[in-house]
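Visitor: I have a new model open and would like to learn how to read it. Can we go feature by feature?

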Amino acid sequence: TLRLDSHTVLFRNIGNRPLSALPVKVQCTGGGLILDHELKLPDGASFASTAESEHITVTIDLLNPGETFSVGLTVADSSGTGGVKAIARAEFLHLQQIGDQTNTLDILELLLPHVFMGRMVLDLYKISSRAKQKREEA
């Protein structure tokens, strides 16, 4: 049987520099086919997109620090995995997947290095997490 999955992929610029004319590809994994897509962009942003059966490529004109855009997909997946994967490449760009099952420490490790004194806060968080874990084990 054929299964339909709905996905929303959110892209956020957490850096301190704008991203301009960056092509981002979202592709199906496991043999899925894109049936429909929806884009949500920052106010005033312009974009170009091309949609194929197995991927969509979106190029947004400008994504300032803190801004987001999202790609919503309806995927028909014959293999039942229903996954999608984002691909983007640029100088100084790090694309990080954060899923529903990502724990708080992983998210902090991703975000805090971009904040002043973030590493110190993260190290304190790690220490307090270990201390809490040891208390629970005792």
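Guide: Start with strand pairing. This is a predicted model. In it, β1 and β6 pair in the antiparallel sense over 10 bridges.

Visitor: Which residue in β6 stands opposite Arg3?

Guide: Asp77 does. Arg3 itself is placed in strand β1. The two residues are 74 apart in sequence, yet their C-alpha atoms are 5.6 Å apart in space.

Visitor: Is Arg3 buried, exposed or partly exposed?

Guide: Partly exposed, with a relative accessible area of 35%. The class runs from 20% to 50%, so 35% falls inside it.

Visitor: Which other strand pairs with β6, and over how many bridges?

Guide: Strand β3, residues 33–40, pairs with β6 over seven bridges. The sense is antiparallel. For a single position, take Glu38: its bridge partner in β6 is Gly72.

Visitor: How many residues of β6 are buried?

Guide: Eight of its 10 residues. So β6 is largely enclosed by the rest of the structure.

Visitor: Next, aromatic rings. What describes a pair of them?

Guide: Two quantities: the distance of the centres and the angle of the planes. A search of the whole structure here finds one aromatic pair. Its members are Phe11 and Phe69, with ring centres 4.9 Å apart and planes at 15 degrees.

Visitor: Why is the pair of Phe11 and Phe69 stacked?

Guide: Because of the angle: planes under 30 degrees apart count as stacked, and these are at 15 degrees.

Visitor: Where do Phe11 and Phe69 lie?

Guide: Phe11 lies in strand β1, residues 3–12, and Phe69 in strand β6, residues 68–77. The pair therefore ties together parts that are 58 residues apart in sequence.

Visitor: Are the two rings' residues buried or exposed?

Guide: Buried. Phe11 has 8% relative accessibility. Phe69 has 3%. The cut-off for buried is under 20%, so Phe11 qualifies, and so does Phe69.

Visitor: Now the surface. Which residues form a nonpolar patch?

Guide: Leu4, Leu33 and Leu35 form one on the surface. Together they have about 300 Å² of accessible area. Leu4 is placed in strand β1. At 57% relative accessibility, Leu4 counts as exposed. So strand β1 holds Leu4, which is exposed, and also Phe11, which is buried.

Visitor: Let me try a residue elsewhere. Where is Thr50 found?

Guide: In strand β4, residues 47–51. Thr50 counts as partly exposed, at 46% relative accessibility.

Visitor: What is Thr50 in contact with, leaving aside its neighbours within four places in sequence?

Guide: His55, Ile56 and Thr57. Another pair to check is Thr50 and Lys25, which are 25 residues apart along the chain. Their C-alpha atoms are separated by 9.4 Å.

Visitor: Zoom out. How many helices and strands does the protein have?

Guide: Two helices and seven strands. Along the sequence the pattern reads β-β-β-β-β-β-β-α-α.

Visitor: And what do the contacts look like over the protein?

Guide: Take the contacts with a separation of 6 or more. Residues 24 or more positions apart account for 69% of them.

Visitor: What share of the residues counts as buried?

Guide: Of the 138 residues, 25%. The protein exposes about 9,500 Å². Carbon and sulfur atoms supply 52% of that area.

How values were computed. Residues are numbered from 1 along each chain as its sequence is written. This is a predicted model: local features need pLDDT of at least 70, side-chain atom pairs count only at pLDDT 80 or more; totals for chains, interfaces and linings use all residues. Side-chain values use heavy atoms; hydrogens and water are left out. Rings of Phe, Tyr and Trp (its six-membered ring) pair if their centres lie within 6.5 Å; planes under 30 degrees apart count as stacked, over 60 as edge-to-face and the rest as tilted. Helices (H or I, at least four residues) and strands (E, at least two) are DSSP runs, numbered from the N terminus. Buried means under 20% relative accessible area, exposed over 50%, partly exposed in between (1.4 Å probe, protein chains only). Two strands pair if DSSP finds at least two bridges between them. Patches are made of residues with over 30% relative accessible area and no salt bridge: like charges are joined within 9 Å, nonpolar side chains (Val, Leu, Ile, Met, Phe, Trp, Tyr) within 5 Å. Accessible areas come from the Shrake-Rupley method with a 1.4 Å probe; for residues, only the protein chains shown count as cover. A salt bridge is a side-chain nitrogen of Lys or Arg within 4 Å of a carboxyl oxygen of Asp or Glu. Contact means heavy atoms within 4.5 Å.
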